Amino acid sequence: MAVNIQDLHPDILTCALRRLDGPSLAAVGCTSSLLRSLSSDPSIWRDLCLSSWPSLGNPQLLSFFPTSQYQSLFSSIFPFPCHSTRSQSSKPLSLTRNLISAVDLHHRGNLIFSKVIEVDTSSSWFLGSPFGVGALEGQSSQLVSLIGEISLSELNLSWILIDPESKKAVNISSRRPVAIDRHWYTGETLVRYGMVIRDLLISVVVTCGEDCGQVKEISMTIEDEDGIGVCGKESLEMLMEAMEGTRIWKSNGEEELEASRRYDEFIKRRRSRKESKARKECLVDLCCTGVSAVVFVSIFMLVAFK
């Protein structure tokens, strides 16, 4: 005898829905009115958000988001922001006075670091200085026993930025590493995560010790195509637009591949710009040297024939 899914008890269906990830849960909700009703249960989305990003369970953040908002919060955090975020509205952009970072670092699904950082963005010092946030300060000794021997390519990082005033959020990490570099002088390994928005690179770097068994630093900066740090005001404008902008929904890891591709293209453009600049500087140096030589010879000849 065939059993229709509609004949199953709602509690059984709810239990099954709780085992799904976010995209699968959203897809199931489009199949029937019953599943749409069950999959819209706010508690399911709340548990899904807190299991995916444990930092959101910080008491500092729980007060910002009521249970009814977690489905909307997931749809803001999980997909990557569109790489072009320039606002088409003539309405001036309102900059937040506080920016909250929720950082989670996983390895093969195991949480090894979670922290919430709040930054005052209203000061003139912040708005005029290069943008940067550090997530790990003086805590590396606590991570040694948790990390042990790891595969750096399997480190999964989430860096969620939250505007507590508008209750909007965006994830600015590529989740998977876009590059892994070893510092030749210190022996440290730099695991890089990147997101390119508006021709600016949001760069998150996890610095591991020489034996890769210790995370020494986790930091986030924003750079332009010349590798120069972008000031706080311009960075904040871009981030606020990213929070309000559209999201890119892709499946099967395509988002991470797209982020890696855009990072590689950005680095190639930066390298090309540096090489072009170096060639121009070399040409200017040759011209200056030639002019100096002509002037020297002219003066020498003038003195010799007097």
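Begin by selecting the buried residues of helix α10 together with what covers them, a cover that includes β1 (80-81), β7 (179-182), β8, β9, β10 and β11 (247-248). The model on screen is a predicted one, and its protein chain has ten helices and eleven strands. Buried residues make up 41% of the 306 residues in the chain, and among contacts between residues at least 6 apart in sequence, 63% join residues at least 24 apart.

**Along α10**

With α10 still selected, colour Glu 255, Glu 256, Ala 259, Arg 262, Tyr 263, Phe 266, Ile 267 and Arg 270, the residues of this helix that are buried. The helix has 51 residues, and the span from its first C-alpha to its last is 74 Å, close to the 75 Å expected at 1.5 Å a residue.

Next, move along the helix to Phe 300, which is found in α10 (residues 254-304). Is Phe 300 buried or exposed? Its relative accessibility is 52%, so Phe 300 counts as exposed. Add Phe 296, Val 297, Met 301 and Phe 305 to the selection, and together with Phe 300 they make a nonpolar surface patch of about 590 Å². For the protein chain as a whole, the exposed area is about 16900 Å², of which carbon and sulfur atoms supply 55%.

**Salt bridges that reach α10**

Return to Arg 270 and show its side chain with that of Glu 223, where the two meet in a salt bridge with an N to O distance of 2.9 Å. Because Glu 223 lies in strand β10 and Arg 270 in helix α10, this pair ties together parts that are 47 residues apart in sequence. Both Glu 223 and Arg 270 are buried.

Then select Glu 225 and Arg 273, whose side chains also meet in a salt bridge, at 3.6 Å from N to O. Glu 225 is in the loop between β10 and α9, whereas Arg 273 is in helix α10, so the pair ties together parts that are 48 residues apart in sequence. Glu 225 is buried, with a relative accessible area of 16%, while Arg 273 is partly exposed at 38%. Adding Asp 226 and Arg 269 completes a network in which Glu 225, Asp 226, Arg 269 and Arg 273 are joined by salt bridges that share partners.

**Around Thr 207 and Lys 216**

Move to Thr 207 in strand β9, a residue that is buried, with a relative accessible area of 7%. Leaving out residues up to four places away in sequence, Thr 207 touches Glu 188, Thr 189, Leu 190, Gln 214, Val 215, Lys 216 and Glu 217. Two of these contacts deserve a closer view, since Lys 216 forms a salt bridge with Glu 188 in which the closest N and O atoms are 2.7 Å apart. This pair links distant parts of the chain, with Lys 216 in strand β10 and Glu 188 in the loop between β7 and β8, 28 residues apart. Lys 216 is partly exposed, with a relative accessible area of 39%, whereas Glu 188 is buried at 19%.

**The nonpolar cores**

Which residues have the most contacts inside the largest nonpolar core? They are Leu 105, Trp 159 and Met 220, in a core of 42 residues. At least two residues of this core come from each of β2, β3, β5, β8 (189-197), β9 (200-208), β10 (215-223) and α9 (232-244), and the largest share, six residues, comes from α9. Centre on Leu 105 and, outside its neighbours up to four places away in sequence, its contacts include Ile 112, Phe 113, Leu 157, Tyr 193, Val 206 and Ile 218.

A second, separate core has 25 residues, among them Leu 48, Phe 65, Leu 73 and Ile 100. Leu 48 is also one of the buried residues of helix α4 (residues 42-52), with Ile 44, Trp 45, Cys 49 and Leu 50. Show α1 (10-17), α2 (22-28), α3 (33-39), α5 (59-62) and α6 (70-77) to see what the buried residues of α4 pack against.

**Two loops to finish**

Select Arg 108, in the loop between β2 (98-107) and β3 (110-120), where phi is near 55 degrees, a positive value in a residue other than glycine. Arg 108 counts as exposed, because its relative accessibility is 57%. The last stop is Lys 167, in the loop between β5 (155-163) and β6 (168-171). Its phi is near 65 degrees, again positive in a residue other than glycine, and at 35% relative accessibility Lys 167 counts as partly exposed.

Technical notes. Residues numbered from 1 in each chain as written. Predicted model: local features only at pLDDT ≥ 70, side-chain atom pairs only at ≥ 80, totals over all residues. Heavy atoms only, no water. Helix = DSSP H or I, 4+ residues; strand = E, 2+ residues; numbered from the N terminus. Buried < 20%, exposed > 50% of the residue type's maximum accessible area, 1.4 Å probe, protein only. Core = buried A, V, L, I, M, F, W, Y, C linked by side-chain atoms within 4.5 Å. Contact = heavy atoms within 4.5 Å. Patch = residues over 30% accessible without salt bridge, like charges linked within 9 Å, V, L, I, M, F, W, Y side chains within 5 Å. Areas by Shrake-Rupley, 256 points an atom, 1.4 Å probe, with all protein chains shown as cover. Salt bridge = Lys/Arg side-chain N within 4 Å of Asp/Glu carboxyl O. Expected span 1.5 Å × (residues − 1).
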